[in-house]
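Let's take a walk through this protein together, with the sequence and the fold side by side. Keep the viewer open so that you can turn the chain as we go.

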Amino acid sequence: MDINKHSLEAHKKLRGKISVKLKDQLDSKLKLSTYYTPGVAAVSTYLSDYPNEARNYTWLNNSVAVVSDGSAVLGLGNIGPIGALPVMEGKCMLFKEFAGIDAIPIVLNVHSADEIVDAVTAIAPSFGGINLEDIAAPICFEVEQRLKQALAIPLMHDDQHGTAVVVLAGLINASKITGKKLGDCSVVVIGAGAAGVAVSKLLHEYAEPNITVIDSKGIISNDRDDLSSVKHELASYNSKKYKTHEFSEAIAGADILIGVSKPGIVSQADIKSMAKNPIVFAMANPVPEIMPDEAYAAGAAIVATGRSDFPNQVNNVLAFPGIFRGALDNQVKHITEKHKVAAAEALAALVKHPTKDKIIPSVFDREIVPAISAVIT
């Protein structure tokens, strides 16, 4: 099957993947009077006086805005808001299918931090939660931080934190199989964009291993004079001293390699230089940093990718539906690092007997959302 041709035909046939469904039928004058005029005036007046009751009278208890400016879409890059819209619709499908959440795609034709923050703040009263999506680094970090301070509803940049939760869950189980203790491991993260930063931060929060992060200029260390405040924080996670900034020096002897960067940049020689039984998460899409068969042939003990045609798919859908389900149900105002760690542990625990080909559950495992939502309190 030509999946690209099939996808184009399917989308055109449906004219979009989502729609609005009524919870009751407007099949009588009484219902029309109840849900619209004049009855709705009583509800509006009540909520004007008691705004904290809005969750009980409107869809705020079960609604999420999926917001993007189209600046960092999948593996497509900056394709703009219209190009991003099918992806946001797809995200909304996942919210509804896996967690029963009514999600609405919001694509913004603005791209500065100020403009995005202003736009999301302005529409926030219409939603119970905000899922930021496909906003490029470094703007995404500022946008998320400012919105978390401005809003009292659950908000998460899924490219950062959804990825980080699933990676941590996979590493928890991978470490059980290999006998490695995460806190004692040497970790190399290739890529200092949204996902790389969040993965590094959550790993540090969970176990404080030695983490070396690689960006386009090499090893991020405090002896460089071009670091942002975010990268200075990443540099503080590494206690090793390197003679150069070369990737090859960092990966030599490492226990864990996490790639959130570019296709094909890791060689078999790199894997062979790692510690015994290395763990490799090569998550560039659609082509990973190194293909699983090549990594295994070079001595990798466990390999994960972002692809569905290999075992151990690291996919954000394993995390965000359950996190938002729990946040909405439990009236959580802010999603914290503790919530993310708890979600990762709950996800990992669903794999009762981890193997090298199963360190995280299938995306179709219906136990995932209840397990994660239960710990988001």
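The paragraphs below go from a sheet to a helix, then to the cysteines, and end with the empty spaces and a loop. Please keep in mind that this is a predicted model.

A good place to begin is the sheet. It is open and has 6 strands, in the order E7-E6-E5-E8-E9-E10, and the pairing is mixed. Strand E7 (218-219) and strand E10 (302-305) are at its edges; each has a single partner strand, so one side of each has no neighbour in the sheet.

Now move inward to strand E5. Which strands does E5 pair with? One is strand E8 (residues 256-259), which runs parallel to E5 (residues 186-190) and is joined to it by 4 bridges. Within this pairing, Val187 is found opposite Ile256 of E8. Another is E6, which pairs with E5 over 5 bridges, also in the parallel sense. Here you can pick out Ile190, whose bridge partner in E6 is Ile214.

How much of E5 is buried? The count is 5 of its 5 residues, so that the strand is mostly covered. Ser186, Val188 and Ile190 point one way, while Val187 and Val189 point the other way, and all of them are buried. Just before this strand in the numbering comes Cys185, which is buried as well: its relative accessible area is 4%, and the cut-off for buried is under 20%.

Strand E6 (residues 210-215) tells a similar story, with 6 of its 6 residues buried. Both of its faces are covered. On one side you will find Asn210, Thr212 and Ile214, and on the other Ile211, Val213 and Asp215, all of them buried.

Next, turn to helix H9. Does its length come out long or short against expectation, or does it agree? Its 14 residues (194-207) should span 20 Å at 1.5 Å a residue, and the C-alpha atoms at its ends are 20 Å apart, which agrees. The buried residues of H9 are Ala194, Ala195, Gly196, Val197, Ala198, Val199, Ser200, Leu202 and Leu203. Just after the helix, Glu208 has a positive phi of about 55°.

One residue of H9 deserves a pause: Val197. Val197 is buried, because its relative accessible area is 1% and buried means under 20%. Val197 also gives a nice case of sequence separation against distance in space: Val230 is 33 residues away from it in sequence, yet their C-alpha atoms are 7.9 Å apart.

What about the cysteines? Across the whole structure, the search finds 0 disulfides. Cys92 is in no disulfide, and the nearest cysteine sulfur, which belongs to Cys140, is 19 Å away. Cys92 is also buried, with a relative accessible area of 2%.

Now for the empty spaces. Rolling a probe the size of a water molecule over the atoms shows where such space is left. How many cavities of 30 Å³ or more are there? The count is 1. The largest cavity has a volume of about 50 Å³. Its lining is made of Phe98, Val317, Val363, Asp365, Arg366, Ile368 and Val369. By class, that lining holds 5 nonpolar and 2 charged residues, with no polar ones.

The second largest pocket holds about 1,000 Å³ of space. It is lined by 28 residues, and those nearest its centre are Val20, Lys21, Leu22, Lys23 and Trp59. To see where the lining comes from, look at helix H2 (29-35), helix H3 (40-49), helix H5 (80-99) and strand E2 (102-107), each of which supplies at least two residues. The lining divides into 17 nonpolar, 5 polar and 6 charged residues.

Let's finish in a loop, the one between strand E9 (279-282) and helix H13 (292-297), where Pro286 is found. Is Pro286 buried or exposed? Pro286 is exposed, with a relative accessible area of 56%. For a sense of distance, compare Pro286 with Lys29: the two are 257 residues apart in sequence and 54 Å apart in space, C-alpha to C-alpha.

Definitions and conventions: Residues numbered from 1 in each chain as written. Predicted model: local features only at pLDDT ≥ 70, side-chain atom pairs only at ≥ 80, totals over all residues. Heavy atoms only, no water. 1 Å grid on protein atoms, 1.4 Å probe; cavity = no way out; pocket = protein on both sides within 12 Å on 5 of 7 lines; lining within 4 Å. Points joined across faces, edges and corners; volume = space filled by probe spheres on them. Nonpolar A, V, L, I, M, F, W, Y, C, P; charged D, E, K, R; others polar. Expected span 1.5 Å × (residues − 1). Buried < 20%, exposed > 50% of the residue type's maximum accessible area, 1.4 Å probe, protein only. Pairing = 2+ DSSP bridges. Disulfide = S-S within 2.5 Å.
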